[in-house]
Amino acid sequence: MKKDERLRGYYDEELETLSWKEKRRLLEQRLQRTLALAFERAPAMREKLEAAGVGPTDIRSLEDLQSLSITPKSKMRQLQQSSPPFGGFLGVGLDQLRRIYSSPGVIFDPEGLQADYWRLQGVFFNTGFRPGDRVLNTFSYHLTPGGLMCDEALAGIGCTVVPGGIGNTETQVQLLAELKLTGFVGVPSFLQTIIERAEQDGRDFRREFHLEIAVTAGEMLSDSSRRSLEEDYGILVRQFLATADVGGIAYECAEKNGMHFVDYRIVEVVNPETGMQLGPGQIGEVVVTLLENPVYPLIRFGTGDLSYYEEAPCPCGRTSPRLMKLVGRVDQVTKVRGMFIHPSQVEEVAAAFPEIQSAQAVVEREEERDRLSFRAVLAKGSSPEGLALSLQEKIRSVLKLRAGVEFVGEEDIQAPEKRILDLRKWE
Ligand SMILES: [Zn+2]
């Protein structure tokens, strides 16, 4: 299939291109129906509303959601154990479930009987799969929902699925080659492993295989590995965000400039400490509300993923905002001058400069203010000349904060295993 055909078209043109103003109104109407349903059927949700002192009709706008607390993924285990099996979040009887999964950390995830329950059909169409694709699905098919949720969505849009599951690299290489598979779904590093194995066996991956498209999730896709897959192997690479709790959250369109929020959920990026919504470009926790899902009416579920969004119009014509890069997990952040910074951002800055061997961000407290400095160890033979300025610029663009830059010797880095060293003392 020609690449342009994969990059054209919409799964649901009317909904995807509805003006943001109209879409917002639609989301708010659905939110009100969701709240009524959750209040009536899910005791844990009723308690959440009552704790906030509001009734289901008091929340009318997306902003109003901020009066409700976040239910963090990290608390799900505890909540489910205290009110088994689903923590009071289930809105239907157990006999109304198609499957029950168990995710790591032992969190139970229900799947309802509705078609496209996880809302991934649109995600797979819009990332470029088309009817007739033969897809190797390498997400796990047991206990966790990853494998089956992708499988059914791909089949739902007319693809043929090969349930590869995880591991068995040799077999996966064979399947790809002998069945002339055109698509791959899985974590990006596993695709790399498969290609490497094929090449170790003396095969020419680009010429002997037929892989045209890979859609990845579950791991960060680095710019360099995407470039290599696209340029060296001619594979169209797109990514999406989904979790075992809520299913599809966001996906990349043809433009590859961030992941559009799916239109069937409310996606917020919030300050993880206060739960307040953040504006474009500000890093915070991705929080999801499942709309009109009678099975699992989760309202303000904290995924633990950190990201930021942009709402500038996308040339693809879709109107939903886009989640930009996934920055890391909430439990690894350090707050500096009101902004959250993550170890992966420090690595990203350092990786942009071949002159830098390693780096550490140091946070101190001086005169009631946070002071951030970036300590870099130069690679052998590199000169710091002219580097400080471009480094400071990079830090501003990645961390969204200003920092002083110091070039130091390896021996001057305290706790070198830490990318962020917090020396603040709070008395
Ligand atoms: Zn787009």
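Author: Two strands pair if DSSP finds at least two bridges between them. The model discussed here is predicted: local features need pLDDT of at least 70, side-chain atom pairs count only at pLDDT 80 or more, and totals for chains, interfaces and linings use all residues. Residue numbers start from 1 along each chain as its sequence is written, and side-chain values rest on heavy atoms, with hydrogens and water left out.

Reader: What makes S17 and S18 a pair?

Author: Strand S17 (residues 356-366) and strand S18 (residues 369-378) share 10 bridges in the antiparallel sense, so the requirement of at least two is met. Strands here are DSSP runs (E, at least two residues), as helices are (H or I, at least four), and both are numbered from the N terminus. Val362 has Ser373 of S18 as its bridge partner, and Arg365 stands opposite Asp370 in S18. The two strands form a hairpin with two residues between them, and Glu367 in the turn has a positive phi of about 45°. Glu368 also lies in the loop between S17 and S18, with a positive phi near 65°.

Reader: Why is the pairing in the sheet S19-S18-S17-S20 called mixed?

Author: The sheet is open and has four strands in that order. S17 and S18 run antiparallel, whereas S17 and S20 run parallel and are joined by three bridges. Ala361 stands opposite Ile420 in S20.

Reader: What makes S19 and S20 edge strands?

Author: Strand S19 (404-407) and strand S20 (420-422) each have a single partner strand, so one side of each has no neighbour in the sheet. The twist averages 25° from one strand to the next. Helix H12 (residues 343-351) packs on the sheet, touching S17, S18 and S20, and its direction makes about 135° with that of S17. Helix H13 (residues 387-399) lies across S17, S18 and S19 and runs at about 130° to S19. These angles run from 0 to 180 degrees between N-to-C directions of lines fitted to C-alpha atoms, for helices over the stretch in contact; contact means heavy atoms within 4.5 Å.

Reader: Why is the arrangement around the zinc ion called tetrahedral?

Author: Cys253 (SG), His260 (NE2), Cys314 (SG) and Cys316 (SG) lie 2.1 to 2.3 Å from the zinc ion. They count as donors because the limit for N, O and S atoms is 2.8 Å from the metal (3.2 Å for Na, K and Ca); water is not among the atoms, so sites may look incomplete. The angles at the ion are 103 to 114°, and four donors count as tetrahedral if all angles lie between 85 and 135 degrees. The donor residues are spaced C-x6-H-x53-C-x1-C in sequence.

Reader: Why is Cys314 called buried, and why is Glu368 called exposed?

Author: Buried means under 20% relative accessible area, exposed over 50%, and partly exposed in between (1.4 Å probe, protein chains only). Cys314 has 7% and is therefore buried; Cys316, at 12%, is buried too. Glu368, at 68%, is exposed, and Leu143 is exposed at 58%.

Reader: What puts the buried residues of H11 on the same side?

Author: In helix H11 (residues 223-232) the buried residues are Ser225, Arg226 and Leu229. They cover an arc of only 105° around the axis, which places them on the same side of H11; the arc is that of the directions from the helix axis to the C-beta atoms. These residues pack against helix H9 (188-200), strand S8 (236-243) and strand S9 (247-252). The face turned away carries the exposed residues Asp223 and Glu231.

Technical notes: Four donors count as tetrahedral if all angles lie between 85 and 135 degrees; four count as square planar and six as octahedral if opposite donors are over 155 degrees apart and all others between 65 and 115; anything else is irregular.
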